[in-house]
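Grab a pencil and work through these exercises with the model open next to you. Each task comes with a solution you can follow step by step.

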Amino acid sequence: MAESRQFTEERVWQILHQIPKGQIATYGQIAKLAGIPRHSRLIGQILSGLPPDTKLPWHRVINSQGRITNPAKDRQQLRLEEEGVTLINGRVSLKVYGWDAS
DNA sequence: TGTTTGACGGACA
DNA sequence: CTGTCCGCCAAAC
């Protein structure tokens with residue numbers, strides 16, 4: 001039986017929870033870790049469904065270019081800088097903060 | 001069942 | 001560096 005959407009969501013949530021503080025993951029990276037390569041857009045859709053008061057570190061997810069594409073980019077940037085991730089010209093250095101998934 | 005949408009990714013000018 | 005274009009694909013419509 002194909003994986004229901006909820007099953008995928010749960011895996012994504014778990015992965016999200018594993019991103020170390022002060023580090024960053026990309027949508028494509030998460031999709032891959034969740035076992036669904038090329039579904040980066042689905043990750044975004046799932047994140048958009050998170051409750052605004054979630055404890056999950058949704059702010060540690062940006063696109064492959066180190067750029068924030070989240071509608072609430074201001075809040076995301078604020079949260080990132082609060083944990084030591086500095087944006088330079090609206091960009092995050094994946095070289096420096098990129099999460100090297102195990 | 002066909003079409004549109006989108007918190008993406010990568011190639012290219 | 002920026003803007004554009006195209007491939008991808010589940011969800012929403």
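**Exercise 1. Find which element gives the most residues to the lining of the largest pocket, then describe that pocket in this predicted model.**

Solution.
- Step 1: Start with the elements. The ones that give two or more residues to the lining are α3 and α4 (73-82). Of the elements, α3 gives the most, with five residues.
- Step 2: Now look at the whole lining. It takes in 18 residues, and those that lie nearest the centre of the pocket are Gly44, Leu47, Ser48, Asn70 and Pro71.
- Step 3: Sort the lining by class. You should get nine nonpolar, seven polar and two charged residues.
- Step 4: Finish with the volume, which comes to about 460 Å³.

**Exercise 2. Work out which residues come nearest to DNA strand B, and which polar contacts their neighbourhood holds.**

Solution.
- Step 1: List the surroundings. There are 14 residues around DNA strand B, and the nearest are Arg41, Asn63, Ser64, Thr69 and Asn70. On the DNA side, sugar and phosphate make up 44% of the strand B atoms that come within 4 Å of the protein.
- Step 2: Check a base. An N or O atom in the side chain of Asn70 sits 2.9 Å from a base nitrogen of DNA strand B. Asn70 is also one of the residues that lie nearest the centre of the largest pocket.
- Step 3: Check the backbone of the strand. A polar side-chain atom of Thr69 is 2.7 Å from a phosphate oxygen of DNA strand B. For Ser40, a side-chain N or O atom lies 3.4 Å from a sugar or linking oxygen of DNA strand B.
- Step 4: Assign the elements. Those that give two or more residues to this surface are α2 (27-33) and α3 (40-48), and α3 gives the most, with five residues.
- Step 5: Count by class. The surface near DNA strand B has four nonpolar, nine polar and one charged residues.

**Exercise 3. Do the same job for DNA strand C: which residues surround it, and what do they touch?**

Solution.
- Step 1: Name the neighbours. Around DNA strand C you'll find Arg5, Arg38, His39, Arg41, Leu42, Gln45, Arg67 and Arg91. Arg41 also turns up among the residues nearest DNA strand B.
- Step 2: Look at the DNA atoms. Sugar and phosphate account for 81% of the strand C atoms that come within 4 Å of the protein.
- Step 3: Go through the phosphate contacts. A polar side-chain atom of Arg91 lies 2.6 Å from a phosphate oxygen of DNA strand C, and for Arg38 the value is 3.0 Å.
- Step 4: Add the sugar or linking oxygen. One of these on DNA strand C is 3.4 Å from a side-chain N or O atom of Arg5.
- Step 5: Wrap up the surface. Near DNA strand C there are one nonpolar, two polar and five charged residues, and α3 gives the most, with three residues.

**Exercise 4. Step back and describe chain A: how many helices and strands does it have, and why does its radius of gyration agree with a compact globule?**

Solution.
- Step 1: Count the elements. Chain A has five helices and two strands, running α-β-α-α-β-α-α along the sequence.
- Step 2: Compare radii. A compact globule of 102 residues would have a radius of gyration near 13 Å, and chain A has 13 Å, so the two agree.
- Step 3: Box it in. Along the principal axes, the C-alpha atoms fill roughly 45 × 25 × 20 Å.
- Step 4: Check burial. Of the 102 residues, 38% count as buried.

Conventions. Residues numbered from 1 in each chain as written. Chains lettered and ligands numbered in written order. Predicted model: local features only at pLDDT ≥ 70, side-chain atom pairs only at ≥ 80, totals over all residues. Heavy atoms only, no water. Near = heavy atom within 4 Å. Polar contact = N/O pair within 3.5 Å; in protein donor to acceptor, adjacent residues only side chain to side chain. Helix = DSSP H or I, 4+ residues; strand = E, 2+ residues; numbered from the N terminus. Nonpolar A, V, L, I, M, F, W, Y, C, P; charged D, E, K, R; others polar. 1 Å grid on protein atoms, 1.4 Å probe; cavity = no way out; pocket = protein on both sides within 12 Å on 5 of 7 lines; lining within 4 Å. Points joined across faces, edges and corners; volume = space filled by probe spheres on them. Rg over C-alpha atoms; globule rule 2.2 N^0.38 Å. Buried < 20%, exposed > 50% of the residue type's maximum accessible area, 1.4 Å probe, protein only.
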